[in-house]
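Colleague: I would like to learn how to read this model. Shall we take it one question at a time?

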Amino acid sequence: MMTLPLIDRKYHRATTVPDALLAKREMGPEAVYLGGGTALQLGWSDGQVPPSLIDVAALRRPAPCELDQDHLHLCAFTPLEAFRADPLVQREFNALSMALETIASFEVRRLGTLGGNVTWTKGDLRPLMLAVSAEAITSDGTIPLRAGSSIESRTRFFCRYGFHAHQRALSSRKLVFERPFRRAV
Ligand SMILES: Cc1cc2nc3c(=O)[nH]c(=O)nc-3n(C[C@H](O)[C@H](O)[C@H](O)COP(=O)(O)OP(=O)(O)OC[C@H]3O[C@@H](n4cnc5c(N)ncnc54)[C@H](O)[C@@H]3O)c2cc1C
């Protein structure tokens with residue numbers, strides 16, 4: 001049996017974006033934002049447990065994504081399964097739909113968020129977001145996603161929807177998603 005070394009860790013459940021930013025200031029530079037915790041917990045058996053966690057799951061918006069004239073806005077705090085089941089994604093965004101189908105199991109997708117996936121350097125949605133020149137909307141401003149550069153930062157935090165991508169790029173039928181292997185689920 002594995003015991004998770006969470007005793008003595010500080011935990012804060014953020015209720016608003018300003019609350020999350022305040023918690024970050026108060027808990028210090030080592031505090032990390034926690035989406036679903038599914039990627040972070042992969043390191044826990046090696047003792048890589050952050051000293052403080054700021055849970056941002058409650059910042060999830062009612063709808064996973066919203067389409068305006070040019071852009072699809074994607075909520076960083078929403079679990080992957082909610083995107084996979086979303087009728088707009090299924091109808092209009094074929095490559096995103098294909099990618100979501102291949103990620104982990106239903107149980108992991110119910111917890112793991114888009115923000116966590118794109119921040120985690122091995123997340124499968126990162127290449128897709130790069131391919132469509134998506135931008136991250138963060139507490140440090142709007143940041144274009146770039147290959148080879150991590151958007152992970154201990155201070156940066158997704159705000160508003162979190163990401164946006166050009167609707168035309170993401171809905172293109174020429175855009176397909178394939179992965180050479182699957183992680184164990
Ligand atoms: C059994 C198993 C199978 C898996 N299979 C796959 C797979 O096939 N494909 C795949 O891509 N992934 C897979 N994963 C990894 C993971 O489940 C997903 O990548 C998931 O989307 C991560 O999201 P999360 O919210 O759980 O991230 P977390 O673990 O909460 O966070 C990951 C990183 O993102 C940061 N972060 C999270 N939210 C925010 C935010 N709002 N603002 C700033 N930083 C933030 C965290 O601080 C951390 O650095 C698997 C995991 C498990 C346990």
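Modeller: Gladly. The protein chain holds eight helices and eight strands. Helices (H or I, at least four residues) and strands (E, at least two) are DSSP runs, numbered from the N terminus. This is a predicted model: local features need pLDDT of at least 70, side-chain atom pairs count only at pLDDT 80 or more, and totals for chains, interfaces and linings use all residues. Residues are numbered from 1 along each chain as its sequence is written.

Colleague: What percentage of the residues in the protein chain is buried?

Modeller: First, the term. A residue is buried if 20 or more other C-beta atoms lie within 10 Å of its own, exposed if 12 or fewer, and partly exposed in between; the C-beta atoms are placed from the backbone. Of the 185 residues in the protein chain, the buried share is 33%.

Colleague: What is the strand order in the open sheet of three strands?

Modeller: Strands of a sheet pair through backbone hydrogen bonds, either parallel or antiparallel. Here two strands count as paired if DSSP finds at least two bridges between them. In this sheet the pairing is parallel, and the order is S1-S3-S2.

Colleague: Why is one side of S1 and of S2 left without a neighbour in the sheet?

Modeller: Look at the partners. S1 and S2 each have a single partner strand, so one side of each has no neighbour in the sheet. The reason is their place: they stand at the edges.

Colleague: Which residue in S3 is the bridge partner of Tyr11?

Modeller: Strand S1 covers residues 10-13 and strand S3 residues 52-55; they pair in the parallel sense over four bridges. Strand S2 (residues 32-34) also pairs with S3 in the parallel sense, over three bridges. On the S2 side, Val32 stands opposite Leu53, and Leu34 stands opposite Asp55. For Tyr11, the bridge partner in S3 is Leu53.

Colleague: At about what angle to S3 does helix H1 run?

Modeller: Axes are lines fitted to C-alpha atoms, for helices over the stretch in contact, and angles run from 0 to 180 degrees between N-to-C directions. Contact means that the C-beta atoms of two residues, placed from the backbone, lie within 7 Å. Helix H1 (residues 17-27) lies across S1 and S3, and its angle to S3 is about 175 degrees.

Colleague: Which are the edge strands of the five-strand sheet?

Modeller: This open sheet has the order S4-S5-S8-S6-S7, with antiparallel pairing. An edge strand pairs on one side only, and here those are strand S4 (65-67) and strand S7 (141-144).

Colleague: How many residues of S5 are buried?

Modeller: Start with the neighbours of strand S5 (residues 71-75). S4 and S5 pair over three bridges, and a hairpin of three residues joins S4 to S5. S5 also pairs with strand S8 (residues 158-166) over five bridges. S5 is mostly covered, and of its five residues the buried ones number four.

Colleague: Which residue in S7 does Thr138 stand opposite?

Modeller: Strand S6 (residues 135-138) pairs with S7 in the antiparallel sense, over four bridges. Opposite Thr138 in S7 stands Gly141.

Colleague: Within what arc do the buried residues of H4 fall?

Modeller: Helix H4 covers residues 94-102, and its buried residues are Ala95, Leu96, Ala99 and Leu100. The arc is that of the directions from the helix axis to the C-beta atoms. Seen down the axis of H4, the buried residues line one face of the helix, because they fall within an arc of 135 degrees.

Colleague: Which helices do those buried residues of H4 pack against?

Modeller: There are partners on both sides of H4 in the numbering, each given here with its residues. They are helix H2 (80-84), helix H3 (87-92), helix H7 (125-131) and helix H8 (167-171).

Colleague: Which element gives the largest share of the shell around the ligand?

Modeller: A residue is near the ligand if its C-beta atom, placed from the backbone, lies within 6 Å of it. Of the 32 residues around the ligand, Gly35, Gly36, Gly112, Gly116 and Asn117 come nearest. Elements giving two or more residues to the shell are S2, helix H5 (106-111) and helix H6 (114-119). The largest share, four residues, comes from H6.
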